[in-house]
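Colleague: Please take a close look at a single part of this model, the six-stranded sheet, and set it in the context of both chains.

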Amino acid sequence: MHPIALEVDSLSKSFGGGRALPWRQGKAPVPAVQDVSFNVPRGEIFGTIGANGSGKSTLVRMISTLLTPDHGSIRIFGLDAQRDELLARRLINRVSPDPSFFRTMSAYENLLFFARIYGLGKEEIRRRTKEILGRLDLADRIHEPMTHLSRGQQQKVAVARAFLTSPVLLLLDEPTTGLDPVSKREVQHFVRRVRDDHDATILLTTHDMDEAERLCDRIAFLAGGRIVAEGTPLELRARAANGRPIDDVSMEDVFLGLTGRRLEEDEEVLVHG
Amino acid sequence: MANMSERVFASGSAWALSMAFVERQTNLWKRYWAWELVWLVYGVVNTLAITFIAEELGRRGETSADAANRLVLFLLIGTLVWAYLSAVLDDIGLVVGWERWEGTIEHTLMAPVRRSLHLLGMCVFAVVHGAARTLLIFAIALLFFDVDFSNVDWLGAGAVLVVGSVSVAALAVLSGVLPLLYPERGTQMTMMVQASLLLVSGVYYEVEVLPGWLQAFAFLSPATYILDGIRAAMIDGDGVASLGGTLGALALFGVALAPVSLAVFSWAEGYAKRTGKLKRQG
C-alpha cells in the first residue's frame with residue numbers, strides 16, 4: 001500500500017462565470033479553492049480549519065470525486081482520483097455536515113443500501129451495523145425511520161454509514177455538527193479508535209478548534225480558499241507564541257495571528273456581511 | 001472491521017450491486033404505499049374514462065358492435081401502455097429528483113459502482129413496478145368491459161412488451177437527466193417528455209391522423225411501435241413471427257437508445273460535477 005494516503009497538488013476550483021451563456025459574460029467566476037497542495041501520510045489524522053466559505057467542503061467534495069477540479073490533481077494511495085475514479089472510490093467514504101438520508105426509510109434500510117453499493121454482503125452489513133451503532137449508543141433505534149431520530153442521532157447514523165464500508169481514507173466534513181457535547185465526545189473517541197485500530201487515514205474539516213487540536217496530528221488553516229499555515233498543533237502554536245509560553249497559546253490565537261480575525265468574526269461576516 | 005487488503009479488493013458482483021438499487025426502491029415503495037394507491041386509482045379512472053368513449057360510440061349506433069369492441073380494445077391497450085410508459089418514466093425521474101431533495105445523491109454517486117449497474121438496477125425496478133401496476137389496472141378495468149380475447153396472441157403481446165421495455169427504460173433514463181441538470185424544476189420538466197410521447201405515439205388514435213410533420217416524430221418514438229405491436233397481437237391476433245418487423249424495430253431502438261441514455265446521463269453527471277450542481281437542494 002502506498003505510504004502517502006492523499007496527495008493534493010495545486011488544486012483550484014471556481015464557481016460561476018457563466019462563460020457558455022452570452023448574457024452572463026460579465027459575471028466573474030468566484031474562486032473557492034486556490035492552488036492548494038498538501039500530503040497526508042497513511043495513518044494520519046489531518047485537519048483543515050477555516051470559517052464557513054473558506055473552501056473546506058469544496059476541497060472534500062473534490063477529493064470525494066463529487067466535484068471536478070479546474071486545475072491540479074488528487075492522488076489517493078497513488079491512484080488519480082479522476083482517471084482511476086472507480087478504484088479510488090473503493091478506498092474512501094465521507095461524512096457530510098448534513099446527514100442526508102432517505103428520511104422515511106429506517107436507519108438500517110439506509111445503511112443496508114449505502115453499504116451494499118460498496119459491495120458488502122447483507123450478513124456483514126448486519127454485523128458491522130450492530131457493532132458500530134452499539135459503540136455510538138444507537139443500536140436500539142436501528143429499525144426506526146430516520147424522521148424519528150433527532151438531528152444528532154441522524155448525524156451518528158451518517159458517521160456509521162461512512163465507517164461501515166471500512167474506508168482506508170475517511171473524509172470527515174464537520175462530522176460533529178449538531179451533536180450535543182456527550183455525542184460529540186463519543187464520535188471523537190470513535191474516530192481516534194478507528195484510526196488506531198483499523199489503519200485508516202482521516203481528513204477532518206472543522207471550525208471547532210478544540211476538536212481539531214484533540215484529534216489531529218497535523219492541521220492546515222484555510223482562508224479565502226488558500227492554505228495559510230500548516231503544521232502540527234504544537235508547531236502552529238509555537239509560530240503564534242511571540243515569546244509567550246506555548247501552553248498559553250490557543251489554536252484560536254493561531255487563527256487570529258494568521259488572518260487578523262477571530263474564526264467567529266469570519267463566520268459572522270459570511271452570514272451577515 | 002476488515003483489514004486493508006480486503007477493503008481494497010472488495011467489490012460486489014455486478015448483479016448484487018444492481019439489486020441494491022432494486023432493494024432500495026422496494027423499501028422506498030413500501031414506505032410510500034399510499035402514493036401507490038393514489039396512482040392506482042388514477043390509472044384505473046383514466047383507463048375507464050377513456051375506454052368508455054368507445055362504449056358510448058357503440059351505444060349511439062355510430063359504429064357497429066364489432067367495430068365498437070375493436071375500439072374498446074384499441075383504447076384499453078392505449079391507456080394501459082400509457083400507464084406503463086408513464087410509470088417507468090416517473091419512477092426514474094422521481095428517484096433522481098428525490099435523491100437531490102434528500103441530499104443522498106452525493107453519497108450514491110460517490111460509491112464505487114459503475115453508472116451502468118446503478119441505472120440498470122433503477123430500470124429493473126421501474127419496469128417490474130410499472131408492469132405490476134399496469135396489470136392490476138388491466139384486471140380492474142376488465143370488470144367494466146365485456147372484451148373478447150379469443151383472438152389475442154398473448155405471446156406476441158408479451159414479446160413486444162419485453163423487447164420494447166428496453167427502449168422505454170432508456171427513455172426514462174434520458175428524461176431522468178433533467179432533474180440531474182435542473183435541481184429545482186427538472187422533475188416537472190420530465191412531464192414535457194411524457195406529454196410529447198403521448199401526442200406523437202398514437203396512444204388514443206392512429207398516428208395517421210397527425211399532421212405529416214408530427215408523423216415524423218411518431219416514426220422516431222419507440223412507444224409507437226410498442227402500441228402497434230401490442231394492438232396487432234391483441235386485436236388482430238398476430239403472433240411473434242408476424243410481428244418480426246415491429247420486434248426488430250424495437251430491438252434496434254433498444255440497442256441504440258440504451259448506450260445513448262447511459263452516455264447522456266454520464267455527461268450530465270460530469271456537467272453537474274464541473275458546476276457544483278450535485279450539492280444538496282432544499
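Modeller: What follows describes the sheet, then the chain around it, and then the other chain and the contact between the two.

This is a predicted model, in which local features need pLDDT of at least 70, side-chain atom pairs count only at pLDDT 80 or more, and totals for chains, interfaces and linings use all residues. Residues are numbered from 1 along each chain as its sequence is written, while chains are lettered from A and ligands numbered from 1 in the order in which they are written.

The sheet belongs to chain A, has six strands in the order β6-β7-β8-β3-β9-β10, is open and shows mixed pairing. Strands here are DSSP runs of E with at least two residues, helices are runs of H or I with at least four, and both are numbered from the N terminus. Two strands pair if DSSP finds at least two bridges between them. The edges are β6 (92-95) and β10 (226-231) of chain A, each of which pairs on one side only. On average, neighbouring strands of this sheet are turned by 15° against each other, direction ignored. For such angles, axes are lines fitted to C-alpha atoms, for helices over the stretch in contact; angles run from 0 to 180 degrees between N-to-C directions.

At one edge, β6(A) pairs with β7(A) (residues 169-173) in the parallel sense over four bridges. I92(A) has L169(A) in β7(A) as its bridge partner. Helix α5(A) (residues 151-164) packs on the sheet and touches β6 and β7 of chain A, and its direction makes about 175° with that of β6(A). Contact means that the C-beta atoms of two residues, placed from the backbone, lie within 7 Å.

Next in order, β7(A) and β8(A) are parallel and share five bridges, with L172(A) bridged to L204(A) in β8(A). On its other side, β8(A) pairs with β3(A) (residues 45-49), again in the parallel sense and over five bridges. There F46(A) stands opposite L203(A).

Strand β8(A) (residues 201-206) has six of its six residues buried, so it is largely enclosed by the rest of the structure. A residue is buried if 20 or more other C-beta atoms lie within 10 Å of its own, exposed if 12 or fewer, and partly exposed in between, with C-beta atoms placed from the backbone. T201(A), L203(A) and T205(A) point one way from the strand, and I202(A), L204(A) and T206(A) point the other way.

L203(A) also appears in the largest nonpolar core, which has 149 residues; along with V81(B), V88(B), V160(B), A172(B) and I230(B), L203(A) touches the most other members. Such a core is a set of buried Ala, Val, Leu, Ile, Met, Phe, Trp, Tyr and Cys residues joined through C-beta atoms within 7 Å. Helix α4(B) (residues 65-102) gives the most to this core, with 18 residues. I230(B), leaving aside neighbours within four places in sequence, is in contact with I77(B), V81(B), A157(B), V160(B) and L161(B).

Chain A as a whole has 10 helices and 10 strands. Buried residues account for 48% of its 273 residues. A second open sheet in chain A has four strands in the order β2-β1-β4-β5, with antiparallel pairing. Within this second sheet, β1(A) (residues 4-15) and β4(A) (residues 71-76) pair over five bridges, and V8(A) stands opposite I74(A).

Chain B, by contrast in content, has 11 helices and zero strands. Buried residues make up 43% of its 282 residues.

The two chains touch through 32 residues of chain B and 31 residues of chain A. On the chain B side, α1 (4-9), α2 (14-31), α5 (105-109) and α11 (244-275) each supply at least two residues, and α2(B) has the largest share, seven residues. That side divides into 15 nonpolar, seven polar and 10 charged residues; Ala, Val, Leu, Ile, Met, Phe, Trp, Tyr, Cys and Pro count as nonpolar, Asp, Glu, Lys and Arg as charged, and the others, Gly among them, as polar.

One residue involved is A111(B), in the loop between α5 and α6 (115-141) of chain B. A111(B) counts as buried, with 21 C-beta neighbours inside 10 Å. Apart from neighbours within four places in sequence, A111(B) is in contact with R89(A), I117(A) and Y118(A).
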